[in-house]
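Got a few minutes to walk through a protein model? Keep the picture open while you read, and look for each part as it comes up.

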Amino acid sequence: MSLRTRLTERLGIEHPVILGGMGSGATVPSMVAAVSNAGGLGVLGVSRVPPERIAAQVEEIRASTDRPFGLNLLLFASDEGAVEAVLAHRPPVFSSAWAWPHQDLRPIFERAHAAGALVMHMVSTLEEARRAAAAGADLVVAQGTEGGGHVGTLAGMVLVPMVVRALAPLPVIAAGGIATGAQLAAALMLGAEGVLLGTRFLATSESPWPPSFKRAIVESDGHDTELTEIPDVAKGAVWPGAFDRARRNRLIAEWSGRGHELRRRRAEVAEAIARAYAQDDAEHGELNFGQAAGLIDAIEPCAEVVARMVAEAEARLAAAATMLRA
Ligand SMILES: Cc1cc2nc3c(=O)[nH]c(=O)nc-3n(C[C@H](O)[C@H](O)[C@H](O)COP(=O)(O)O)c2cc1C
């Protein structure tokens, strides 16, 4: 017996588990290939990456796996040229998120379809979900506020079934706060067809994060993240309505409530954030991880994460079936 959903059928993959296409170098080809080779779907974040670097990364993925994979763009930060640079590689999945309200999604999704890709768009509100479906998305990811990085304010427990109900029969994928097989089983019960994970995959041997950043995820009890604007203000990044979930480390504590001063000294702070990453300093770096850190106890290979999640979900679902009595 094995777990099959409309997601696994649609993508031609074995397991309904997706690596979120995390940007800013948080995903690398070896990680993407490891998740795809394990039977899930690996997605590479390529926002703001120059075309020649994207080409080299795609080549690396294709040299390591012949399974499906995806390429992700943050639409608010991507012009037509960036979309073309991604689609030129004919990725099996075009993954996108966070468009400005004035951006027309339909031509972007049509272009992706013409390049042979399935379109997977991530949303954090019901309105964005309806917009993605109307524009022709094949798969919609409903991301709850528990997630790491940029999120909305609604919990996945509420958002996922709302999006499932509103978009039916369009396949929906649950994201935000998910790290275990029990949660994969629960997501399926909420009507999702699979799960997409970020934080869990950041704490893996293939993850490019510095060692102390990965250790911070393992050490976290899940209570030490907050929604903050501090890293975005420092970097001068304006997102279309997203909040940034990051660990409450010294960087966040030091600048909390000092927005005016932060704006004045933002170049200096942005530099310090970049330096902290290079120097493996988890206290002064930007640690975008989510509440799922409370469920992560070890740094493991991606393949083990996928295999354990699926085995646990299958066991949970089989056990749940025995609760039903005639
Ligand atoms: C460091 C980091 C960077 C991210 N970058 C992107 C991105 O560029 N594009 C995107 O669609 N999602 C991005 N995300 C969101 C993830 O794809 C995913 O939706 C989220 O991590 C799910 O929540 P979880 O961390 O609890 O698993 C990022 C998340 C993190 C933690």
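This report goes through the sheets, the ligand's surroundings and a few unusual backbone spots. Keep in mind that you're looking at a predicted model.

## The eight-stranded sheet

Let's start with an open sheet of eight strands, whose pairing is parallel. Going across, you meet the strands in the order β1-β9-β8-β6-β5-β4-β3-β2. At the edges stand β1 and β2 (42-45), and each has a single partner strand, so one side of each is left without a neighbour in the sheet. If you follow the sheet across, you'll see a twist: on average, and ignoring direction, neighbouring strands are turned by 25 degrees against each other.

## Zooming in on β9

Strand β9 covers residues 194-197. Where do its residues point? G194 and L196 point one way, V195 and L197 point the other way, and all of them are buried.

Now check the strands that pair with β9. With β1 (residues 17-19), β9 pairs in the parallel sense over three bridges. Here V17 has V195 as its bridge partner, while the partner of I18 is L196. Strand β8 (residues 172-175) is also parallel to β9, again with three bridges joining the two. In that pairing, A174 stands opposite V195. To get from β8 to β9, the chain passes through helix α8 (residues 181-189), and this β-α-β crossover is right-handed.

## Far apart in sequence

It's fun to pick out residues that have a lot of chain between them and see how they sit in space. Take A182, which lies in helix α8. A182 has 15 C-beta neighbours inside 10 Å, so this residue counts as partly exposed.

What about F201? You'll find F201 in helix α9. F201 is buried, because 29 other C-beta atoms lie within 10 Å, and 20 or more are enough to count as buried.

Each of these two residues has a partner to look up in the table.

| Pair | Apart in sequence | Apart in space, C-alpha to C-alpha |
|---|---|---|
| A182 and L317 | 135 residues | 8.6 Å |
| F201 and I18 | 183 residues | 9.8 Å |

I18 should ring a bell: that's the residue in β1 whose bridge partner in β9 is L196.

## Around the ligand

How many residues surround the ligand? There are 30 of them, and the closest are G20, G23, G147, G149 and G198. By type, the shell divides into 11 nonpolar, 17 polar and two charged residues. Several elements each supply at least two residues of this shell: β3 (69-74), β9 and α9 (199-202). So β9 turns up again, this time as a supplier to the ligand shell.

Where does the ligand sit with respect to the domains? Domain 1 (6-208 + 295-321) and domain 2 (211-291) both give residues to the shell, so the ligand lies between them.

## The three-stranded sheet

There's another open sheet to find, formed by three strands in the order β7-β11-β10, and here the pairing is antiparallel. β7 (149-151) and β10 (225-228) stand at its edges, each with a single partner strand, so one side of each has no neighbour in the sheet. From one strand to the next, the twist averages 35 degrees.

Take a look at β7 and β11 (residues 243-247): they pair in the antiparallel sense over three bridges. In this pairing, H150 stands opposite D244 in β11.

## Unusual backbone spots

Some background first: most residues other than glycine have a negative phi, and most peptide bonds are trans. Now for some spots that break the habit.

A168 and P169 are joined by a cis peptide bond, with omega at about 10 degrees. P169 belongs to the loop between α7 (156-167) and β8.

S24 isn't a glycine, yet its phi is positive, near 55 degrees. Look for S24 in the loop between β1 and α2 (29-37). S24 is partly exposed, because 15 other C-beta atoms lie within 10 Å.

D280 isn't a glycine either, and its phi is positive too, at about 60 degrees. You'll find D280 in the loop between α14 (266-278) and α15 (302-321). With 14 other C-beta atoms within 10 Å, D280 is partly exposed.

Notes. Residues numbered from 1 in each chain as written. Predicted model: local features only at pLDDT ≥ 70, side-chain atom pairs only at ≥ 80, totals over all residues. Buried ≥ 20, exposed ≤ 12 C-beta atoms within 10 Å, placed from the backbone. Helix = DSSP H or I, 4+ residues; strand = E, 2+ residues; numbered from the N terminus. Pairing = 2+ DSSP bridges. Right-handed = clockwise from strand over helix to strand, strands pointing away. Near = placed C-beta within 6 Å. Nonpolar A, V, L, I, M, F, W, Y, C, P; charged D, E, K, R; others polar. Domains from an automatic or database assignment. Axes fitted to C-alpha atoms, helices over the stretch in contact; angles between N-to-C directions.
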